[in-house]
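Please look at the sequence and the model together, and keep both in view while you read this report on a ligand, its surroundings and the aromatic rings of the protein.

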Amino acid sequence: MELIDKGVLIVLSGPSGVGKGTVRAKVFEESHHSLAYSVSMTTRKPRVGEVDGKDYFFVTHEVFKQRLAEGKFLEHAEFVGHFYGTPLDDVQKRLDAGKDVMLEIEVEGALQVKKVMPDACFIFVAPPSMDELHYRIINRGTEDPARVAGRMKKAEVEIGLAHEYDYIVINDTVENAKNRIMAIIDAQHSRSDRVLEGYRQKILNPN
Ligand code: 5GP
């Protein structure tokens, strides 16, 4: 029996290069929950293979600033020289329609979401070691050495803020991390503060 009528907002963060995207894709493949991914807006240029509207909405600085001034973002942040933001309307509409929504964002943005939506579920995806993170960023082959260094520095700051999250998931293997995140999402759907009122209504006033 499904008791939640409003979707759960799941905020997935963690250092750039830790493998959030890969894990997220696996979760979407296998989860039995109705999950929607919130596509962010960014001023970063597309990487090879990235698709506008699917991976990001790629926009100019001007467009980003205008959206920001119009209050169109749930959160936004500057990350290693580029702007990133979560479109507010999309998230709200999907949650209201009963869908779980997953954001994949860096820590500064996650902390902004925590202020306005404290009952969201905050998951920090962590690397098994800094060496492994370095290896993964280099292996991705999309960053020049200066940007690799920038992302490693940022990762240290982000790991320092991991205590702000409800859950820490070590991405040692994609399979393990995926299983842990799916278990966390399942648990959110059974939280008493989300389901108890609806349950009582159903059980005590069935008509
Ligand atoms: P990348 O350039 O590697 O795609 O993303 C850089 C960082 O920005 C990653 O940690 C990614 O999760 C984060 N990010 C992507 N979209 C958003 C967003 O809408 N808001 C925030 N705050 N961070 C984002």
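The text below describes the surroundings of the ligand and then turns to aromatic pairs.

This is a predicted model, and in it the space taken by the ligand is the largest pocket. The elements that give two or more residues to the shell around the ligand are the strands β5, residues 73-79, and β6, residues 82-87. There are 19 residues around the ligand, and those that come nearest are Ser40, Arg44, Tyr56, Tyr84 and Glu106. Sorted by class, this shell holds eight charged, six polar and five nonpolar residues.

Some side chains place an N or O atom close to an oxygen atom of the ligand, as the table shows for Lys20, Ser40 and Arg47.

| Side chain | Distance from its N or O atom to a ligand oxygen atom |
|---|---|
| Lys20 | 3.1 Å |
| Ser40 | 2.6 Å |
| Arg47 | 2.9 Å |

How much of the 510 Å² that the ligand exposes when taken alone does the protein bury? The protein buries 96% of that area.

We now come to the aromatic rings, where the count is eight aromatic pairs. One of these is formed by Phe64 and Phe83, whose ring centres are 5.6 Å apart and whose planes make an angle of 35 degrees, so that the pair counts as tilted, the class between under 30 degrees for stacked and over 60 for edge-to-face. Because Phe64 belongs to helix α2, residues 61-69, and Phe83 to strand β6, this pair ties together parts that are 19 residues apart in sequence.

Terms used: Residues are numbered from 1 along each chain as its sequence is written. This is a predicted model: local features need pLDDT of at least 70, side-chain atom pairs count only at pLDDT 80 or more; totals for chains, interfaces and linings use all residues. Side-chain values use heavy atoms; hydrogens and water are left out. A residue is near a molecule or strand if one of its heavy atoms lies within 4 Å of it. A polar contact is a pair of N or O atoms within 3.5 Å; within protein, one must be able to donate a hydrogen and the other to accept it, and residues adjacent in sequence count only if both atoms are side-chain atoms. Accessible areas come from the Shrake-Rupley method with a 1.4 Å probe; for residues, only the protein chains shown count as cover. On a 1 Å grid over the protein atoms alone, a cavity is a set of points where a 1.4 Å probe fits but cannot get out, and a pocket is an open set with protein on both sides within 12 Å along at least five of seven lines; lining residues have an atom within 4 Å of a point. A molecule sits in a cavity or pocket if more than half of its atoms lie within 2 Å of its grid points. Helices (H or I, at least four residues) and strands (E, at least two) are DSSP runs, numbered from the N terminus. Ala, Val, Leu, Ile, Met, Phe, Trp, Tyr, Cys and Pro count as nonpolar, Asp, Glu, Lys and Arg as charged, and the others, Gly among them, as polar. Rings of Phe, Tyr and Trp (its six-membered ring) pair if their centres lie within 6.5 Å; planes under 30 degrees apart count as stacked, over 60 as edge-to-face and the rest as tilted.
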